[in-house]
Amino acid sequence: MSGIDPSLVYEFVEESREHLTAVEDDFIQLEKSLDAPDPETVNRIFRAVHTVKGSCGFFNFTAIGQLAHTMETLLSLLRDGDLLPTSDMLDALLAGVDLLNSMIDDVDRSNEVDVSKVEGRVAEYISKDDIVVPLNQVGNTKSEINDFEQEMLERIKKGEYLYEIELNLTNWEQESHKSPVQLVSELSKLGEILDGELTVAGGDLRDKIPEGDTLYRLYFKTVIEPDMIDAIPVSSTNTIRLIESEPVEADIITSTAQVIDESVEYNKNLEQAEGSGSDVKSAAGVNESLRVRVDLLNELMMLAGELVLVRNQQLLQQDRADSTSRAITQRLDIVTTELQETIMRTRMQPIGNVFSKFTRVVRDVAKKLDKQISIVTFGDDVELDKNILETLADPLTHIVRNSCDHGIETTAERKKAGKSEKGSIHLNAYHEGGQINIQIYDDGRGINISRLKEKVLEKELKTEAELARLSEKELLELIFLPGLSTVENVSDLSGRGVGMDVVKTSIERLGGIIDIESAEGKGTTLNLRLPLTLAIIPSLIVKVDNERFAIPQVNLEELVCLYDKDVQDKIECVGNREVYRLRDHLLPMVRLSELMAQPQLFDDTIKGEITQRHQKLQEVEWCNCREAQENKKPYYLALNFAVLKVGASRFGLIIDSILGTEEIVVKPMHRAVKDLGIYSGATVLGDGAVALILDVLGLARHATVPFEGTRKKEENEIDAGIANKDEKKSLLLFGNEGEEQFAVEMGEVKRVERLEMNRVERIGQREFATIDGVSTRIIRLEECLQISEPVGREEMFLILPKNAKQPYGILASKLVDIGEFEVDLNTESFCAKGVVGSTILREHMTLLLEPDALAQIAEPEWYFETV
Amino acid sequence: MMTTGIKTIEETKNRENGKLVQLATFRIAGRLLGVDILDVKEVCDNISITPIHHASQKICGYMNIRGQILLVVDLRTEFGFDERAVDEKSKVVVFKDTVDEPFGILVDSVENVADVFDGQITDRRDTEVDGEVDSELLEKRMAKNDLCKGVCPLVDELVLILNSKAVLE
């Protein structure tokens with residue numbers, strides 16, 4: 001391989017890979033219409049294989065060239081309609097493509113690969129059909145060679161071709177608007193002009209420039225093959241002729257001869273070839289993309305990341321009074337953001353690139369297992385970061401294979417079950433909440449839970465008692481256990497016991513989540529949720545003990561702040577752990593400061609010790625607080641925590657304060673500290689300080705937060721405590737500082753808006769606030785109902801109902817809770833318009849309101865027309 | 001930069017004591033240590049370190065150098081000295097990427113560059129050191145973790161040569 005620029009080889013590999021990937025799809029296409037193959041598809045395949053072969057000659061990759069050549073020969077027969085494709089033939093060709101692919105993966109050693117077996121399979125179809133080589137044509141070409149040309153031929157090497165080009169320079173200049181010098185330079189790029197002869201009409205150039213045609217005949221040596229001479233930029237009136245000494249290899253004759261027949265001695269149409277240079281692809285269609293090295297992109301990405309940091313620093317530093325500098329900073333801000341986004345986009349690739357592979361996978365597996373399976377993909381154009389996409393390919397392939405192998409039943413089984421004979425697999429990708437969701441659904445037999453259980457017991461992965469405690473969903477998740485394979489006979493496709501756990505690990509490594517749903521006899525759905533990119537993530541910056549940490553927003557559910565007495569009351573103690581009752585779900589609490597101070601995995605003693613200490617601390621603080629408040633001294637007690645989610649579990653992380661959100665550039669952890677599970681990386685904040693990014697799953701593990709199973713149990717205990725009668729209603733509880741507590745059904749609430757009372761405008765008796773650019777009527781409950789006057793606050797809440805006739809909102813001075821409540825509605829004790837009934841919630845008499853009826857009391861005019 | 005080893009060079013030139021090695025020297029708890037200058041990328045002051053909780057004791061934390069995140073290692077505890085707060089003389093000696101992933105060590109102060117010949121450096125990792133002299137005590141401790149590549153006498157002091165590749169092991 002000496003003497004060849006490695007970057008050229010790299011390019012060859014990349015290009016060949018691209019061609020071969022495209023070809024696979026075309027084969028599948030072809031298979032659908034065996035009787036009437038689409039000539040364009042066949043042509044595309046032919047061109048692709050041909051290009052691979054062509055470049056091989058140049059690099060001396062003989063094995064690849066040999067195989068590609070045989071394939072090409074067969075393809076040329078298909079192209080010319082001499083042969084009709086059969087399923088077996090396509091199998092052979094696909095096997096060829098596979099082998100080519102694997103040889104290209106290790107191109108330097110490709111010559112050591114034995115291609116004869118696959119080649120033989122392909123060649124079988126060629127010899128079968130008794131193709132008569134049209135020798136006479138080859139002969140004709142041969143006989144025309146004169147001595148001079150023979151001499152020229154001796155000057156070309158193997159893999160190169162000699163052409164005789166005759167062109168009328170005068171016409172050529174008019175048509176192409178290029179000078180002869182340009183022609184020569186263009187040709188020189190493609191090959192070498194061995195000799196040339198200029199015939200000028202006038203004969204004597206000294207008199208004047210001759211008016212007649214100027215003819216130029218030249219001998220041109222190039223690697224461009226006869227059927228690719230489109231690439232030589234010469235016009236329609238010119239003739240290109242291939243001069244060939246003898247057929248290069250015996251079995252190439254069919255293709256070459258036909259190629260010669262088609263394209264040599266043939267007036268070429270310039271329109272296609274002009275300006276195309278040597279790029280074969282552009283003849284087929286303009287290609288707007290450019291191949292760029294990934295490491296270059298990575299570097300660009302890193303630089304953009306640094307620019308973001310500089311920008312952030314500038315934003316902090318800027319002098320707000322100076323309007324010129326402010327304008328510049330603003331522009332810098334905008335440009336940086338756009339630059340960063342654009343660079344991010346360069347790394348994005350459509351998921352279709354991965355999806356398209358599965359057509360082939362499904363076809364092969366289906367064939368092998370004698371099943372009928374179709375695959376449908378949606379959202380092929382959804383884009384993902386290149387790194388994620390690459391890592392995703394393997395787990396996805398595994399899932400799809402599993403679906404084919406274990407999921408979809410055989411045709412007979414499907415018939416028996418009353419399903420359509422053809423099973424189907426759906427792949428669906430879509431964006432949601434800044435994440436990519438991928439759904440893999442098959443309508444197969446689903447997961448047999450009892451068999452799964454047996455298997456788990458048999459392999460002693462879990463005990464019977466443990467299994468008994470699991471919910472159905474948790475049982476399904478057992479398939480992610482390492483070392484489990486439910487299929488009796490291990491096939492070579494899947495079921496080697498290194499299955500779903502590997503899939504799960506690789507998805508989780510990408511910061512993604514996988515979950516499974518299955519209905520026995522109906523099918524299985526796997527849901528993957530993945531981040532768009534790994535490099536830049538939105539995150540929440542929090543502070544603990546004067547240190548800052550970043551929490552990825554993906555893991556963030558909500559933020560809760562407790563004040564004064566709530567700090568003391570609401571954080572309760574269950575066993576050795578602090579918990580908070582968040583809308584009737586028990587939320588285990590973790591104190592980040594304690595977690596940071598304790599490098600050991602939390603065990604019961606540590607947890608107990610922490611809980612006790614803080615219970616005491618809280619008491620002391622609350623005492624101080626009360627004392628201070630009694631003495632009218634300002635003393636605030638507040639506790640912030642973030643509700644974080646890991647899979648389906650949640651926990652509260654207690655922090656000192658919340659600083660805000662920031663888009664951070666993720667840098668991986670240093671090798672020496674990579675093993676610390678609680679961090680997922682580090683980042684440089686706007687002010688230049690380094691902050692660590694918390695790994696929420698790691699935190700949960702370190703603090704041994706109870707997961708789904710235990711959590712359910714605790715919840716059940718609570719649920720059991722609440723009388724399990726009557727219907728459950730999702731309610732928003734609120735109050736007006738008076739004795740009364742009110743509730744509205746969540747279904748009727750659009751949202752709740754914070755309202756500063758100084759923003760309220762008055763027109764006569766009516767109050768209005770501008771919300772979403774719309775003047776919204778504020779309805780005070782005391783207007784409509786006989787209730788006590790509320791205490792005025794500077795900041796109140798406006799409950800905006802759904803489906804309002806006119807924009808209005810109900811004023812509340814405090815929100816109590818949102819949650820599911822068992823409602824035992826009493827419709828008699830408090831009877832008024834606008835009130836559905838009363839009930840006791842949270843030990844308070846609560847009036848369940850009907851917003852629309854309240855509006856009707858406050859603004860009867862709105863409802864006149866309809867009455 | 002001034003070289004303290006000038007005299008040594010002259011002495012040894014005649015002895016043809018092998019290749020010239022330049023040592024970047026610095027002090028930790030008063031002891032003079034050195035590393036091959038070719039392993040050093042830069043020396044950096046203006047130290048502001050973000051601690052990494054749960055990491056081993058010698059890991060001081062992360063630091064930002066022009067947008068790059070650098071792991072800072074404090075060898076004091078590893079050498080058996082007490083911890084000490086960063087002051088204005090403290091510096092971070094940053095190693096090149098060829099040594100390991102980007103990291104630096106926190107030192108009390110940096111000294112000069114010493115030119116020595118590799119023949120002057122004695123590798124005593126395999127020999128028993130008495131441990132009576134102060135520097136030998138440290139050498140012994142360092143030897144436990146393969147941290148000491150050898151010792152080399154300068155004009156008036158012995159320099160312990162730090163095996164930078166072993167720092168993070």
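In which sense do strand 17 and strand 19 of chain A pair, and over how many bridges? Strand 17 (residues 585–591) and strand 19 (residues 649–655) of chain A pair in the parallel sense, over three bridges. Pairing here requires at least two DSSP bridges between two strands. Helices (H or I, at least four residues) and strands (E, at least two) are DSSP runs numbered from the N terminus.

This is a predicted model, in which local features need pLDDT of at least 70, side-chain atom pairs count only at pLDDT 80 or more, and totals for chains, interfaces and linings use all residues. Residues are numbered from 1 along each chain as its sequence is written, chains are lettered from A and ligands numbered from 1 in the order written, and side-chain values use heavy atoms, without hydrogens and water.

**Confidence**

pLDDT is the predictor's confidence in each residue, from 0 to 100. Chain A averages 75, and 81% of its residues score at least 70. Chain B has a mean of 80, with 83% of its residues at 70 or more. The model scores ipTM 0.84 and pTM 0.48. Some stretches fall below 50. The table gives their contacts, meaning heavy atoms within 4.5 Å.

| Stretch | pLDDT | Contacts in the model |
|---|---|---|
| Chain A, residues 246–285 | under 50 | 77, beyond four places in sequence |
| Chain A, residues 709–726 | below 50 | 18, beyond near neighbours in sequence |
| Chain B, residues 1–5 | below 50 | 12, beyond near neighbours in sequence |

Where pLDDT is low, the predicted coordinates should not be read in detail.

**Sheet with strands 14 to 19**

Strands 17 and 19 belong to an open sheet of six strands in chain A, ordered 14-18-19-17-16-15. Its pairing is mixed. Strand 14 (556–563) and strand 15 (571–574) of chain A are the edge strands, each pairing on one side only. Neighbouring strands are turned by 40 degrees against each other on average, direction ignored. Axes are lines fitted to C-alpha atoms, for helices over the stretch in contact, and angles run from 0 to 180 degrees between N-to-C directions. A:Met589 stands opposite A:Gly652 of strand 19. Helix 24 (residues 604–630) of chain A packs on this sheet and touches strands 15, 16 (577–582) and 17 of chain A. The direction of helix 24 makes about 65 degrees with that of strand 16 of chain A.

**Sheet with strands 25 to 30**

Chain A also has an open six-stranded sheet in the order 25-29-30-28-27-26, with mixed pairing. Strand 25 (749–756) and strand 26 (761–763) of chain A each have a single partner strand, so one side of each lacks a neighbour in the sheet. The twist averages 40 degrees from one strand to the next. Strand 28 (residues 774–779) and strand 30 (residues 808–812) of chain A pair in the parallel sense over three bridges. There A:Ile778 stands opposite A:Gly809. Helix 28 (residues 851–858) of chain A packs on the sheet, against strands 28, 29 (795–801) and 30 of chain A. Its direction makes about 100 degrees with that of strand 30 of chain A.

**Interface with chain B**

Contacts link 26 residues of chain A with 21 residues of chain B. The two chains bury about 1900 Å² between them, 59% of it from carbon and sulfur atoms. Buried area is the accessible area (1.4 Å probe) that two parts lose on being put together, summed over both. A:His670, A:Arg671 and A:Val690 supply 33% of the area that chain A buries against chain B, more than any other three residues.
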